There are 2 protein chains.
Amino acid sequence: MLIGELAARAGTSTRTLRYYETHGLVRPHRSANGYRVYDEAELRVVHEIRALLAVGFDLADIRPFVACLRAGHSSGDVCPDSVAVLRRKLAEVDAYLDRLGGVRQQLQEQLTHAIAYREEQCLRTRRRPD
Amino acid sequence: MLIGELAARAGTSTRTLRYYETHGLVRPHRSANGYRVYDEAELRVVHEIRALLAVGFDLADIRPFVACLRAGHSSGDVCPDSVAVLRRKLAEVDAYLDRLGGVRQQLQEQLTHAIAYREEQCLRTRRRPD
DNA sequence: TGTTGCCTTGACACCGGCGGCAAGGTCTAC
DNA sequence: GTAGACCTTGCCGCCGGTGTCAAGGCAACA
């Protein structure tokens with residue numbers, strides 16, 4: 001399979017596949033003319049990468065999952081390094097949820113305050129019309 | 001007040017203040033020698049900018065708040081444009097919280113699955129030790 | 001007069017995941 | 001033989017807020 005076909009089947013671009021390669025995630029061999037040649041298993045790898053990116057992982061975080069697949073496991077999740085990343089990411093997400101909850105609350109308060117202020121101004125204007 | 005003093009008092013850098021200026025948020029006048037001169041009110045403006053940045057606003061979102069302060073209001077929140085931004089941001093945060101909740105759940109499931117798989121492998125190994 | 005310490009503008013660097021273009025090689029079909 | 005569709009490497013651009021450096025002007029004090 002050449003790079004264009006893999007890109008099409010994985011729903012991404014050739015540019016992206018080359019980018020993953022420079023980061024050690026995808027590993028084609030080369031045909032005599034220098035073209036990248038991918039075997040079927042790489043399709044699965046690319047899907048794993050895309051799924052994890054969609055969740056918010058960066059490429060460095062994804063590496064253990066790819067290694068896990070490459071080691072022959074049917075899921076990229078089950079190797080120790082992957083589990084460690086999953087745990088860390090879960091903690092990060094929890095922390096971010098906390099922070100975002102605080103932000104939400106602050107925004108809500110600012111909004112409430114602003115609206116109350118505006119209504120008060122409105123009433124005051126009615127009482128003393130220009 | 002020159003730029004260095006404002007930076008020190010606002011807890012930021014001169015580079016940052018100049019950057020805000022290019023984006024129309026801070027407005028110094030100039031002394032005869034070309035130096036930026038800030039009056040006291042600008043300190044308040046910079047604090048407003050920094051507070052909103054910390055919450056996750058970008059500079060474009062912050063503009064109405066600064067304009068509101070500059071219009072003489074004691075809070076940057078109370079003008080219509082600021083309220084509109086607050087509403088929009090609140091909606092964005094809510095959407096993001098939703099999405100992040102989904103991500104959290106997916107991570108949790110992957111983790112649960114991986115751990116279950118590993119335990120099963122562990123037991124199987126015990127039953128058939130090499 | 002020289003040093004120090006402020007100020008000025010301008011411009012490059014960073015991060016991450018690509019998009020997109022250029023200049024060129026390769027393969028296939030007509 | 002030539003058109004077109006693929007492939008190659010390499011490099012710039014983007015986004016946003018800031019760090020940092022260069023080269024120079026200005027103020028004040030010894």
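Okay, let's start inside chain A. The axes of helix H3, residues 41-55, and helix H4, residues 59-70, of chain A come within 10 Å and cross at roughly 155°. That makes H3(A) roughly antiparallel to H4(A), because angles over 145 degrees go in that class. And the crossing of H3(A) and H4(A) is right-handed. One thing to say right away: this is a predicted model.

So who touches whom in that pair? On the H3(A) side you have A:Arg44, A:Val45, A:Glu48, A:Ile49 and A:Leu52, and they meet A:Ile62, A:Phe65, A:Val66 and A:Leu69 in H4(A). Sort the contact of H3(A) with H4(A) by class and you get 7 nonpolar, no polar and 2 charged residues.

Now over to chain B, for the matching helix numbers. H3(B) and helix H4 of chain B, residues 59-70, pack at an angle of about 155°, with their axes 10 Å apart. H3(B) and H4(B) are therefore roughly antiparallel to each other. H3(B) passes H4(B) in a right-handed crossing. The contact is made by B:Arg44, B:Val45, B:Glu48, B:Ile49 and B:Leu52 from H3(B), with B:Ile62, B:Phe65, B:Val66 and B:Leu69 from H4(B). The class split there is 7 nonpolar, no polar and 2 charged.

H3(B) has another partner, H1(B). Those two helices pack at an angle of about 50°, axes 10 Å apart, and that makes H1(B) oblique to H3(B). Their crossing is right-handed. From H1(B), the residues are B:Leu6, B:Arg9 and B:Ala10, and they meet B:Glu42, B:Leu43, B:Val46, B:His47 and B:Arg50 in H3(B). By class, the contact of H1(B) with H3(B) comes out at 4 nonpolar, 1 polar and 3 charged residues.

Okay, zooming out to the two chains. How many residues of chain A are in contact with chain B? There are 26 from chain A, against 27 residues of chain B. Helix H5 of chain A, residues 80-127, gives the most to the side of chain A that touches chain B, with 22 residues. That side of chain A has 15 nonpolar, 6 polar and 5 charged residues.

Then the symmetry, for those of you who like superpositions. Chain A can be laid on chain B with an RMSD of 0.1 Å by a turn of 180° and a shift of 0.0 Å along the axis. That is the relation of a two-fold axis. In chain A, the C-alpha nearest the axis belongs to A:Leu97, 3.4 Å from it. And the same surface serves both copies: 100% of the contact residues of chain A recur in chain B.

Last stop, the DNA. DNA strand C is surrounded by 17 residues, and the closest are A:Asn33, A:Asp58, B:Leu2, B:Gly4 and B:Arg36. The elements giving two or more residues to the surface near strand C are helix H2 (14-22) of chain A, plus helix H1 (3-10) and helix H2 (14-22) of chain B. By class, the surface near DNA strand C has 6 nonpolar, 6 polar and 5 charged residues.

And what about DNA strand D, which residues come nearest? Of the 16 residues around it, A:Leu2, A:Gly4, A:Arg36, B:Ser13 and B:Asp58 do. For strand D, the elements that give two or more residues are helix H1 (3-10) of chain A together with H2 of chain B. The surface near DNA strand D has 6 nonpolar, 6 polar and 4 charged residues. Okay, over to you.

Note on methods: Residues numbered from 1 in each chain as written. Chains lettered and ligands numbered in written order. Predicted model: local features only at pLDDT ≥ 70, side-chain atom pairs only at ≥ 80, totals over all residues. Near = placed C-beta within 6 Å. Helix = DSSP H or I, 4+ residues; strand = E, 2+ residues; numbered from the N terminus. Nonpolar A, V, L, I, M, F, W, Y, C, P; charged D, E, K, R; others polar. Contact = placed C-beta atoms within 7 Å. Least-squares fit on C-alpha atoms with pLDDT ≥ 70 in both. Axes fitted to C-alpha atoms, helices over the stretch in contact; angles between N-to-C directions. Parallel < 35°, antiparallel > 145°, perpendicular 65-115°, else oblique. Left-handed = near helix turned anticlockwise from the far one by under 90°.
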